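Here are a few short exercises to work through with the viewer open. Try each one yourself before reading the solution.

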Amino acid sequence: MKICMIGTGYVGLVSGTCFADLGNKVYCVDKDKIKINKLKDAISPIYEPGLNDLIRNNYKAKRLYFTDDLEKAISESQIIFICVGTPNKKKSNLVDISQVHSVAKSISKYIKNYKIIVNKSTVPVSTGDQIEKIIAKKVKKSMFDVISNPEFLREGEAIRDFKYPDRIIIGSNNKNTFKKMKLLYEPLIRKGAKFFTTSRKGAELIKYASNAFLATKITFINEIANLCESIGINIEDISIGMGSDARIGSRFLRAGPAYGGSCFPKDTKGLVSIADKYRTNLSIVKSVIKSNNNRKILLTKRISKIMNNKIRNKKITVLGVTFKANTDDMRESSSLVLIPYLLKKGGLVRYYDPSGPKDEFKKNKNLKFEKNIHKACIGSDLIIINTEWDEFKSIDFKKIVKKSNFKIYDMRNLYNPNQLKKKKIKYYSVGR
Ligand code: UDX
C-alpha cells in the first residue's frame, strides 16, 4: 500500500519505517528540512535501538521516502497518518492539539481523491470529530474518512512492539474502513496480533485508559514497596505472588523510582482533563498522579536517611539519568528532581548514562558527566542506580570504587541484597 506519515517524531518515524519494512511504500513528511536531510542519510533524530539500520535498509530499497513536500506525499498515498505531538498545555492538564488541527487544515488543501486519514497521535476523545470538521470545510465528506489508530510503542522496545503488538485498535464510524486497515496490518495479524474495531471515540479513549491503567499498576506496586520497607518484606516476592494471578499479570509490577517518560505523566493528566470536560471524577487517576509526584520527594528523603543527613561534600554517583533504560529521553525523569536535590544539599555529583551527557545538567560546577561507569564510581560515597541499563547489572563495585564504606542505593533492584551483604557492601534498594 502507499501510505504517508505526517510527523517524524517517535510514533511517525518508527511506525513509518516499520510499515515500509512490511513492504509498503511510505512517505515520511516533516516540515523540518534539516531533520529530513539527516533522515535521508539514515541518521535518526531519536535514539531507538535498531532504528538506524531499519531506516537505511528501507530507504535503500526505495520503500521509505523522506520529504517536506506534503502535497506530493498526500496525492501519492491512500492512507494518511497524523503523528504529531500532543503535549500538555503549560502548567495545565489540558492537552494541546493545535498541531493536529494545523495538520488537518494542511491535509484538506491536497485531497483530490478518496483518502483514509488515520490519527495516531494521542488525542482527547472527540478530536477525530474535530479533524473531520476541519477537513470537511474544504473537501466533500465522501472523499475521506477519519479514523483513530492509537499506538502503544514503548521507547527502547518500539520496533519489537510495532512488529509484535498485543492488539491493533481501529476506531471508525464507517465500517468500510476496517477492511483496508486490516489489509495494511495483515502481516502482524497473521503473527497473532488481535485486530479490534470500535467507534472512533472508543479508540481515542482506549489509548488514555491503557496508559493510565499501567501508570496505576506501577504506582500501586510502588506504594506496596513503601509498605514492604516499613514491615521488612521483599517487594519482589509480592510482585511474583500477585503477578502469577492471570487476572493481575506480572508485567509493570516492578517497583522503582516514580514513573516518567513522554506518555504516562502526560496521558494521566490528559485523561483527568478529558473526564473533567464530561464532568466525571476520575479519583483513582488523580491519586496516581499525586502519588507519583510525591514519590520523587519521598525517594530524596530516603537518600537523606541513607546518608544520615550528610550529603554536603559527599561524592555521589548517579548511574542512568533518563526516565528508563534504552532511551536518551529525559522527559519527566525522576533524575530531574533527584540531581537538583543532591546539588542543593551540597553533594558533589557525577553521573554516567550510556546515552551520553544531558543538556538539562550542563551548568553546574558540582555536577559532572563521566564517560564510563568506572570513572563515575571511583572514590564515591554513594552510588545511586537510577535506570536499568544492562551494563549496570553486574558491576564489581568493590573493585572500581576503591574506597571503604561506600553505599549503594539501587532504585531498580538490579542486585541481590544477600550477595552484596556477603561482600560487606552497604546496599539499599526499593521495597526490600
Ligand atoms: C509507555 C507505554 O508503555 C506505551 O504503551 C505508550 O504508548 C507510551 O508510554 P514508555 O513511555 O516508552 O511507554 O515507557 P514504559 O516502558 O511504559 O515505562 C514508563 C515508566 O514506567 C518508566 O519510567 C519506567 O521506568 C516505569 N516502569 C515501568 C516502572 O517503574 N515499573 C514497571 O514495572 C514498568
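**Exercise 1.** Which residues form a positive surface patch? Keep in mind that you're looking at a predicted model. Once you have the patch, place K137 and decide whether K137 is buried or exposed.

*Solution.*
- Step 1: The patch consists of K105, K109, K133, K137 and K138, and it is positive.
- Step 2: Look for K137 in the loop that runs between α6 (127-136) and β6 (144-148).
- Step 3: The relative accessibility of K137 is 73%. Exposed means over 50%, so K137 counts as exposed.

**Exercise 2.** How many salt bridges does the structure hold? Then take the pair K120 and E151: what is the distance between the closest N and O atoms, and which parts of the chain does the pair link?

*Solution.*
- Step 1: The count comes to 23 salt bridges.
- Step 2: For K120 and E151, the closest N and O atoms sit 2.3 Å apart.
- Step 3: K120 is in the loop between β5 (115-119) and α6, while E151 is in the loop between β6 and α7 (158-163). The two are 31 residues apart, and the pair links distant parts of the chain.
- Step 4: Now check burial, where the cut-off is under 20% relative accessible area. K120 has 2%, so K120 is buried. E151 has 9%, so E151 counts as buried too.

**Exercise 3.** Take two other salt bridges, K362 with D359 and K403 with D381. What are the N to O distances, and where do K403 and D381 lie?

*Solution.*
- Step 1: K362 and D359 meet through their side chains at 3.3 Å, N to O. K362 is exposed, and D359 is as well.
- Step 2: In the K403 and D381 bridge, the closest N and O atoms are 2.8 Å apart.
- Step 3: K403 belongs to the loop between α15 (397-401) and β13 (407-410), and D381 to the loop between α14 (373-377) and β12 (382-385), so this bridge ties together parts that are 22 residues apart in sequence.
- Step 4: With 32% relative accessibility, K403 counts as partly exposed. D381 has 17%, so D381 counts as buried.
- Step 5: While you're on salt bridges, pick out D129, E132, R200 and K201: bridges that share partners join these residues into one network.

**Exercise 4.** Compare the surroundings of G256 and I111. Which residues does each contact, leaving aside neighbours within four places in sequence?

*Solution.*
- Step 1: Start with G256, in the loop between α10 (235-243) and α11 (264-277). Its relative accessibility is 4%, so G256 counts as buried.
- Step 2: Setting aside those sequence neighbours, G256 is in contact with N222, R295, L299, M411 and V430.
- Step 3: For a distance check, take G256 and V401: they are 145 residues apart along the chain, and 24 Å separates their C-alpha atoms.
- Step 4: Move on to I111, in the loop between α5 (98-110) and β5. I111 has a relative accessible area of 8%, so I111 is buried.
- Step 5: With the sequence neighbours left out again, the contacts of I111 are I117, I135, V139, M143 and F144.
- Step 6: C-alpha to C-alpha, I111 and E71 are 8.6 Å apart in space, with their positions 40 residues apart in sequence.

**Exercise 5.** Which residues form a nonpolar patch on the surface, and where is I231?

*Solution.*
- Step 1: The nonpolar patch is made by L227, I231 and I233, which together have about 270 Å² of accessible area.
- Step 2: I231 is in helix α9 (residues 200-231).
- Step 3: I231 has a relative accessible area of 54%, so I231 is exposed.

**Exercise 6.** Look at the backbone of N326 and N413. What is phi in each?

*Solution.*
- Step 1: N326 has phi of about 60°, a positive value, although N326 is not a glycine. For N413, also not a glycine, phi is positive and near 50°.
- Step 2: N326 is in the loop between β9 (315-319) and α13 (335-344), and N413 is in the loop between β13 and α16 (417-422).
- Step 3: N326 has a relative accessible area of 30%, so N326 is partly exposed. N413 has 10% relative accessibility, so N413 counts as buried.

Terms used
Residues numbered from 1 in each chain as written. Predicted model: local features only at pLDDT ≥ 70, side-chain atom pairs only at ≥ 80, totals over all residues. Heavy atoms only, no water. Patch = residues over 30% accessible without salt bridge, like charges linked within 9 Å, V, L, I, M, F, W, Y side chains within 5 Å. Areas by Shrake-Rupley, 256 points an atom, 1.4 Å probe, with all protein chains shown as cover. Salt bridge = Lys/Arg side-chain N within 4 Å of Asp/Glu carboxyl O. Lys, Arg positive; Asp, Glu negative; His and termini not counted. Charge placed at Lys NZ, Arg CZ, Asp CG, Glu CD. Helix = DSSP H or I, 4+ residues; strand = E, 2+ residues; numbered from the N terminus. Buried < 20%, exposed > 50% of the residue type's maximum accessible area, 1.4 Å probe, protein only. Contact = heavy atoms within 4.5 Å.
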